[in-house]
Amino acid sequence: MSQHIAKPRTTAVILAGGTGQRVGLSIPKQLLKIAGKAVIEHTLTTFEKADSIDDVIVLMAPGYVPDVEKIVAKAGFTKVKKIIEGGSTRNETTERAISALREGLAEGEDLNVLFHDAVRPLLSQRVIDDCVAALERYQAVDVAIPSADTIIVTRTHGEDGEFITEIPDRSRLRRGQTPQAFKLSTIRRAYDVAAGDPNFQATDDCSVVLKYLPDVPIHVVAGDEYNMKVTQPVDVFIADKLFQLASTAAPEQNGEEAYRELLTGKTVVIFGGSYGIGKDIAELAGSYGANVYALGRSTTGTHVENPEEVDDALSKAYAETGRIDYVVNTAGVLRIGKLAETDNATIEEALKVNYLAPVQIARSSYKYLAETKGQLLLYTSSSYTRGRAEYSLYSSTKAAMVNLTQALSDEWAGDGIRVNCINPERTATPMRTKAFGQEPSGSLLSSEAVARTSLDVLLSELTGHVIDVRQQDPTAGAARASGFEQALASVLDRQDGV
């Protein structure tokens, strides 16, 4: 009989020993906030969600271990087992990690280990999985991408500056990224050999294996352009924008019984619930046993631009049911035209309904949602990434909804309130028909598909996310674009949307 061999445990080592000097900070750059969260929190979230990762240890810059402990505790990361101080050099930090990884190992037991820079927060699950899979065959794995730039080799000649001495063949050049993955026994052996070299110095771990274990092949896994390293001031800006523009996958749809179990007895307040997406959400939630308050100008006489009417609507729902679990705002107005030719009344209406109303709804909802640890759900438009001619009011207010979502999700995280934003593709709603007239059948997303995704988001643990809903999804009539690999493509797609 063949004996079953258990797969080795896989540990991610987050190398967070760097400082913020190159980005002009007095704190380590991994503690800098991007898209509402510290860079290292984004990185840890990626590994927390990775099915191929069993546990995580963090090597943090000296003096800042308590900061990471607070982040881990607040976020509830269950895979982070150790947070220890890194060394003064990359080599020393890796050696400390190897020592920590050896603790508790049985005789002859080996580990898969992935070393990853904390300041690469845009790492994809695909790269992690590919690295772990490669360790089934190889002892050392690097991640790299082709170089789009021509690389030159220079030499300095005194005060005359640098001169080119060589231009290598670009087709063979790669830009190294992380993670770098190893069998623990292999990287440990490489460092043991390197310890005998008085001139030992390395900036990454694959170079240690390459130099001191030349017989060990280092396999290369394809990285991606989004796996950037936050090193320079411009990187902070780019990373922040990528987080803002990249949308999140909506959670898997629940079964009918799960919907009923999760919604029965819950209170859902929907502003803009007279027709379209809001009405469809109301009907769906109600069919699963929720107490639904669908509010709208044409049905209940509720004007979202009037703070008193918003307060009264929420107060009434709370008085009658004793709770408010979800607040949804689908209310909006779409006015097309050149700004210079738009009258004051139209401008005021657009700002009040599309921007001030969601702000007031959020403020009024806070105390109720804090009590139930509930969720606020807002809506943006596919034009939020880039304003378009004759859509200045609509596009700018919808962009504001994304920023409001991200800001409030961070501001309210300590209260357990989740805040998300739905970004539907062009959708068949009365508001759109009024603005554009009848459009070809099948060219628009159905409001029912958007409502179904909205319900899934309400029942999820997501917060601070923009969730795309697209027509080409064959399973629900709505594609849920996700990940940073989709970000720029999504931006291009949205230019024709409203």
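**Exercise 1. The largest nonpolar core**

Task: Find which members of the largest nonpolar core touch the most other members, and which elements supply the core.

Solution. Start with the core itself. The largest nonpolar core has 33 residues, and I40, L44, I53, V56 and V58 touch the most other members. A nonpolar core is a set of buried Ala, Val, Leu, Ile, Met, Phe, Trp, Tyr and Cys residues joined through side-chain atoms within 4.5 Å. Buried means under 20% relative accessible area, exposed over 50%, and partly exposed in between (1.4 Å probe, protein chains only).

Next, the elements. At least two residues of this core come from each of strand 1 (10-16), helix 1 (39-49), strand 4 (55-60), helix 2 (65-75), strand 5 (80-85), helix 4 (125-134) and strand 7 (140-146). Helices (H or I, at least four residues) and strands (E, at least two) are DSSP runs, numbered from the N terminus. Helix 4 gives the most, with 5 residues.

Then look for a second core. Another core lies apart from this one; it has 31 residues, among them L376, L378, W412 and V419.

Now zoom in on V56. Not counting residues up to four places away in sequence, V56 touches T11, A12, I14, L44, F47, K79, V80, K81 and K82. Contact means heavy atoms within 4.5 Å.

A general point helps here. In soluble globular proteins, nonpolar side chains tend to be buried together.

A note on the model: it is predicted, local features need pLDDT of at least 70, side-chain atom pairs count only at pLDDT 80 or more, and totals for chains, interfaces and linings use all residues. Residues are numbered from 1 along each chain as its sequence is written, and side-chain values use heavy atoms, with hydrogens and water left out.

**Exercise 2. The whole chain**

Task: State how many helices and strands the protein has, and what share of its residues is buried.

Solution. Count the elements. There are 15 helices and 19 strands. Then take burial. Of the 498 residues, 49% count as buried. Last, take the contacts with a separation of 6 or more. Residues 24 or more positions apart account for 74% of them.

**Exercise 3. Salt bridges**

Task: Work through three salt bridges, and say where the partners D205 and R90, R175 and E225, and E320 and K316 lie.

Solution. Begin with the total. The whole structure holds 18 salt bridges. A salt bridge is a side-chain nitrogen of Lys or Arg within 4 Å of a carboxyl oxygen of Asp or Glu.

- Step 1: D205 and R90. Their side chains meet in a salt bridge at 3.3 Å, N to O. D205 lies in helix 6 (residues 205-212) and R90 in helix 3 (residues 90-102), so the pair ties together parts that are 115 residues apart in sequence. D205 is buried, at 0% relative accessible area.
- Step 2: R175 and E225. The closest N and O atoms of this salt bridge are 3.6 Å apart. R175 sits in strand 10 (residues 174-183), and E225 in the loop between strand 11 (218-222) and helix 7 (233-245), so this pair links distant parts of the chain, 50 residues apart. R175 is partly exposed at 36%, and E225 is partly exposed at 48%.
- Step 3: E320 and K316. The closest N and O atoms of this salt bridge are 3.1 Å apart. Both residues lie in helix 10 (residues 307-321), 4 residues apart, about one turn of the helix. K316 is partly exposed, with 45% relative accessibility.
- Step 4: the network. Salt bridges link R90, D117, R120, D205 and K229.

**Exercise 4. Two loop residues**

Task: Decide whether L213 and E390 are buried or partly exposed, and list their contacts.

Solution. Take L213. It is found in the loop between helix 6 and strand 11. L213 has 6% relative accessibility, so it counts as buried. Leaving aside neighbours within four places in sequence, L213 is in contact with T186, R189, A190, V193 and V208.

Take E390. It lies in the loop between strand 15 (375-379) and helix 12 (392-411). E390 has a relative accessible area of 37%, so it is partly exposed. With the neighbours within four places left aside, E390 is in contact with R335, I336, G337 and K338. The C-alpha atoms of E390 and I336 are separated by 5.5 Å, though the residues are 54 apart along the chain.
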